[in-house]
Amino acid sequence: MAAASNEEANYNLTTNTKSSNIVRPVIANFPPSLWDDRFTSFDMDIQLSSMYAEEIKVLKEEARNMLTSVDIKLSEKLVLIDTIERLGLSYHFENEIKEQLTLAFNGHLKLELEENNDLFINSLQFRLMRQHALDAPSSIFKRFTENKNGEFKKALCTEIEGVLSLYEATYLRRQGEEILDKAFSFSKACLESVAPNLPESPLKKQVLHALDQSLHRGTPRVESRRFISLYEEFESKNESLLRLAKLDFNLLQMLHKKELSELTRWWKEMDLISKLSYARDRVVECYFWTLGVYHEPQYSSARVMLAKTIAIISVVDDTYDTYGTIEELKVFTDAIQKWDISEIDRLPDYMKICYTVVLDLYEAFEAELSPKGRSFAVHYARKAMKEIVMSYYVEAKWFVEGDHLPLFDEYMSQAEITSGTYFLSVAAYLGMDNATIEAFNWLSAKPNILQASNVVNRLIDDIATYEDEKKRGQVTTGIDCYMKEHGVSKQVAIQCLHEKIEVGWKEMNKGLLDNSVSMEIRMRVFNWARVAEITYKHKQDGYTYPEKGLKPHIVALLRQSFEI
């Protein structure tokens, strides 16, 4: 169904408001898009991409031979695997990497005797195994403690690379692993102490960056972009791997720019923001989020579908948060539950635009997926849309009525849904050919990794957006609910929420061991927490105000390529 013209839509938006004397919420004055038409046009250089692909093919075989060589000892192979992963190349060698780590996990490959007390290599092996769902025991670190209290040996602080390796490994800890909690406190304190006095070097840069952003919680594509530049400074760098990384980054970036060009043209043709001027214009940031969920080439169509979904749900979210009256939102919520275009006549004019766009989007998904026998995926996506909209409505009622500040658990029962983790994970699975009905059913059962990701995403968002929410008159925030229920200050409440976030990360680490679905399926859920981590870094809302946080990352991933 065609949307109304700009003039008609704007007229309806204005007259609807004036003629009814509707009192609306305090409308947020969101900044406009940073990007104009910067990504709208992109022409793939076929000759250059073919040239890159040919050289990549040769360099990949060199790397594969190194990975599978029986002449390289385990410690060197672990460093090689870590380097390949940090350079963003692991998707080329998933089977080889898992095979080598499994051999080590099962004891078929072992460290040299003199390496058993090497903090760097033991920490690295532990981290790599856990990253690949191999349940390495944390007891391995007992050998680095010195008393009954399990305190780490202070002399280790001089081993900077070892302490850094331990620090990164501790981010794989799970709830109840006391030795890793102590390892985290010890390694963090050591690194913070020595960092200012380290000579300028790649190691110092690694230490400072790790203290700001751990590898495990970082967005892989962003971390790889940064590491490729840093690896160039390493004296011990492998020139073949470095060249492979640069070529691969540039080739994959071409695909990403092509996808973003398609997406921005779709967005521009809809012209939704001029019709619904209260909403955030963030289609480029939406696409950046998808790169945080999966950046590999096989997910190309999935990324485009996911980005479209995020762009539309962002407008729906803003409709509930910043513009719709409770009466209008009640009708819109009911219309979404019925999912029938005939419901459109009940809606105010501006909501007709929004409602039409939602239904049209899922109809387009159905048309795209049905020939592949995947129309079942759209069923789950519609169901998720109905769920999140219902929770948007509950939260809107709390905001408008103002006289009911729910208990924290009651707040979280809705806020975990409106965090969007389940909704967006379903959307992420839409274009994944190997996301079977079983995968959707697993997700629908709300597994522990999803519940933990919900908590992390919601509370990171709540802390970062708290001050802006208060300026708009929002009283039903997680921080407010916690303050009232427990009779504590804002600072104490925020600290308690940070502790819940840490528990959430630990529970997600545990969830990575859930073998009822593939690691590929599990990681989409985990990666949403990584997206939240980078979006709301340093307690800033990088989505609403991308100038503060996401812009440098978007430029690095989608504007800047490596010189070859």
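Me: In this predicted model, which residues of helix 8 are buried, and what do they pack against?

Reply: Within helix 8, which spans residues 202-212, the buried residues are Lys204, Gln206, Val207 and Ala210. Viewed down the helix axis, these buried residues fall within an arc of 160°, so they line one face of helix 8. That set of buried residues packs against helix 3 (74-86), helix 6 (160-170), helix 7 (178-194) and helix 9 (220-231).

Me: Helix 9 appears among those partners, so how should I read its arrangement with helix 24?

Reply: Two packed helices are described by the angle between their axes and the distance between the axes. For helix 9 and helix 24 (residues 550-558), the axes come within 10 Å and cross at roughly 70°, which makes helix 9 roughly perpendicular to helix 24, because angles of 65 to 115 degrees are assigned to that category.

Me: Which residues meet where helix 9 and helix 24 are in contact, and how are they divided by class?

Reply: From helix 9 come Arg221, Val222 and Arg225, and they meet His553, Ala556 and Leu557 of helix 24. By class, this contact has three nonpolar, one polar and two charged residues.

Me: Which residues of helix 24 are buried, and what covers them?

Reply: The buried residues in helix 24 are Leu550, Ile554, Ala556, Leu557 and Leu558. Seen down the axis of helix 24, they fall within an arc of 165°, so they line one face of the helix. What covers these residues includes helix 9, helix 10 (239-270), helix 12 (283-293) and helix 23 (519-535).

Me: Turning to single residues, where does aspartate 480 lie, and is it buried or exposed?

Reply: Aspartate 480 lies in helix 21, which covers residues 478-486, and with a relative accessible area of 10% it counts as buried, because the cut-off for that label is under 20%.

Me: Which residues does aspartate 480 touch, leaving aside those up to four places away in sequence?

Reply: With residues up to four places away in sequence left out, aspartate 480 touches Leu405, Tyr466, Lys470, Gln474 and Val475. The side chains of aspartate 480 and tyrosine 466 are joined by a polar contact of 3.0 Å. As for lysine 470, which is ten residues from aspartate 480 along the chain, the C-alpha atoms of the two are separated by 9.9 Å.

Me: Where is glutamate 177, and what does its side chain join?

Reply: Glutamate 177 is in the loop between helix 6 and helix 7, and it is buried, with a relative accessible area of 11%. A polar contact of 2.7 Å joins its side chain to that of arginine 130. Not counting residues up to four places away in sequence, glutamate 177 touches Arg130 and Ser138.

Me: How should I read the phi values of alanine 133 and histidine 538?

Reply: Most residues other than glycine have a negative phi. Alanine 133, although not a glycine, has a positive phi of about 60°, and histidine 538 has a positive phi near 55°.

Me: Where is each of these two residues found, and is each buried or exposed?

Reply: Alanine 133 is found in the loop between helix 5 (119-131) and helix 6, where it is buried with a relative accessible area of 18%. Histidine 538 lies in the loop between helix 23 and helix 24, and at 56% relative accessibility histidine 538 counts as exposed, because that label applies over 50%.

Note on methods: Residues are numbered from 1 along each chain as its sequence is written. This is a predicted model: local features need pLDDT of at least 70, side-chain atom pairs count only at pLDDT 80 or more; totals for chains, interfaces and linings use all residues. Side-chain values use heavy atoms; hydrogens and water are left out. Helices (H or I, at least four residues) and strands (E, at least two) are DSSP runs, numbered from the N terminus. Buried means under 20% relative accessible area, exposed over 50%, partly exposed in between (1.4 Å probe, protein chains only). Contact means heavy atoms within 4.5 Å. A polar contact is a pair of N or O atoms within 3.5 Å; within protein, one must be able to donate a hydrogen and the other to accept it, and residues adjacent in sequence count only if both atoms are side-chain atoms. The arc is that of the directions from the helix axis to the C-beta atoms. Axes are lines fitted to C-alpha atoms, for helices over the stretch in contact, and angles run from 0 to 180 degrees between N-to-C directions. Angles under 35 degrees count as roughly parallel, over 145 as roughly antiparallel, 65 to 115 as roughly perpendicular and the rest as oblique. Ala, Val, Leu, Ile, Met, Phe, Trp, Tyr, Cys and Pro count as nonpolar, Asp, Glu, Lys and Arg as charged, and the others, Gly among them, as polar.
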